[in-house]
Amino acid sequence: MTTPAWSQPRVAIVTGGGSGIGASISRRLAADGAAVAVFDRIGESATATAAAIEAAGGHALAVTCDVADRTSIAAGVQKTADMLGPPTILVNNAGIAPFERFLEISPESFERVMAVNLRGTFECCQVVIPHMIDQGWGRIVNISSSSAQTGNFGQTHYSASKAAVIGLTKSLAREFGRKGITVNAIPPSFIETPSLHQAAQGGHLGGGIDDHIPTTPVRRVGQPDDIAAACAYLCRDDASFVTGQVLGVNGGRVII
Ligand SMILES: NC(=O)c1ccc[n+]([C@@H]2O[C@H](COP(=O)([O-])OP(=O)(O)OC[C@H]3O[C@@H](n4cnc5c(N)ncnc54)[C@H](O)[C@@H]3O)[C@@H](O)[C@H]2O)c1
C-alpha cells in the first residue's frame with residue numbers, strides 16, 4: 001500500500017513547465033494528485049504540458065507567464081487561485097542558461113539572466129508565500145544548477161544566479177519554517193532536455209551528450225524524470241522535516 005503524497009488536495013505552480021525538467025515535474029506532481037498550474041513564457045508550451053496532464057487523467061491549467069515580469073506573475077498566481085484554489089506548492093524551475101565568455105557578457109545579458117533565474121524566483125516566492133501562510137502549509141522547490149556548486153566555463157552569470165538561488169532558499173527556509181513552509185533546492189547536472197541538446201549543438205559541452213557517460217558515476221545521462229522524482233519527494237507531506245537543503249540529483253557527477 002502506498003501513502004498518498006498529501007492528506008488533502010493541493011495546488012502546485014511549476015514555472016517553466018512547458019519544456020524539459022519543468023514539464024516532467026508538472027506531470028509528476030499531477031500524477032501524485034496535485035492540480036498543477038503550468039506557467040511558461042511560451043503559452044503553447046504551457047498548453048501542451050497541461051493537455052498531456054489532462055489526457056492522462058490529471059488536472060492542469062496552462063498559464064502564460066514571464067517570471068521576469070512581476071505583473072505577469074501576480075496575474076498568473078491570481079488566475080491559479082481563482083481557477084484551481086490557493087497554490088501551496090511552488091517549483092521555481094524557469095531558467096535561461098546562455099554560454100558567453102566572461103569578458104563578452106553585456107550588462108543587458110547579465111541583467112536578463114538575473115531577472116529570470118534569480119529575481120523571477122524571488123518574485124514568485126513573494127507572490128505565492130502569502131497563500132501558503134493562509135493555508136498554514138507550503139512547499140517550495142527551487143531548481144538551481146550544479147554550476148552553482150562547481151562553476152562552469154562560459155557561464156559566470158548563470159552560475160552566479162543559480163548560487164544566489166541557493167542562498168535565497170536557505171534564508172527562506174529559516175524565515176518560513178514556523179509557518180509550515182519548507183524550502184529546498186535541487187541543483188541538477190547534465191539532464192537531457194532541449195536546453196542540454198542546444199548546449200551540445202553549440203559546442204559547449206566538450207563533445208556530445210553521450211561522451212559524458214564514462215565520467216558519470218552511475219553511467220547514464222540524467223533524465224527530467226530523475227529531477228521530478230526528487231522534487232515530488234520534497235513536496236510531500238512527509239518531507240516536512242526537510243528544509244533549507246540542497247539535494248544534488250546528478251548521477252554522482254558532483255559529490256560535495
Ligand atoms: N538540463 C540540465 O542539465 C540542467 C542542469 C542544471 C540546471 N538546470 C535548470 O533546470 C531548469 C530547467 O531547465 P531545462 O533544461 O528543462 O530547460 P528548457 O529550456 O528545456 O526549459 C526551460 C523552460 O523555461 C521556460 N522559460 C524560460 N524563460 C522563462 C521566463 N522568463 N518565464 C517563464 N518561463 C520561462 C522556457 O520557455 C522553457 O519552457 C532551468 O532553471 C535550468 O537552469 C538544467
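Here is a short chat about one asparagine and some salt bridges in this predicted model.

Visitor: Is asparagine 93 buried or exposed?
Guide: Asparagine 93 sits in the loop between β4 (89-92) and α4 (107-135). Its relative accessible area is 11%, and the cut-off for buried is under 20%. So asparagine 93 counts as buried.

Visitor: Which residues does asparagine 93 touch, leaving out those up to four places away in sequence?
Guide: Let's skip the sequence neighbours, up to four places away. What asparagine 93 then touches is Thr15, Gly16, Ile21, Gly22 and Ile143.

Visitor: How many salt bridges are there?
Guide: Side chains of opposite charge can pair when their charged atoms come close. Here the rule is a Lys or Arg side-chain nitrogen within 4 Å of an Asp or Glu carboxyl oxygen. By that rule the count is six.

Visitor: How far apart in sequence are arginine 70 and glutamate 123?
Guide: These two form a salt bridge, with their closest N and O atoms 2.5 Å apart. Arginine 70 is in helix α3 (residues 70-83) and glutamate 123 in helix α4, so the pair links distant parts of the chain. Along the sequence they are 53 residues apart.

Visitor: Which residue is linked with Arg70 and Glu123 in a network of salt bridges?
Guide: Arginine 70 is partly exposed at 34%, whereas glutamate 123 is buried at 10%. The residue linked with them in the network is Arg119.

Visitor: What is the relative accessible area of arginine 220?
Guide: Arginine 220 meets aspartate 226 in a salt bridge (2.9 Å, N to O). Aspartate 226 is partly exposed, at 24%. Arginine 220 is partly exposed too, with a relative accessible area of 41%.

Technical notes
Residues numbered from 1 in each chain as written. Predicted model: local features only at pLDDT ≥ 70, side-chain atom pairs only at ≥ 80, totals over all residues. Heavy atoms only, no water. Helix = DSSP H or I, 4+ residues; strand = E, 2+ residues; numbered from the N terminus. Buried < 20%, exposed > 50% of the residue type's maximum accessible area, 1.4 Å probe, protein only. Contact = heavy atoms within 4.5 Å.
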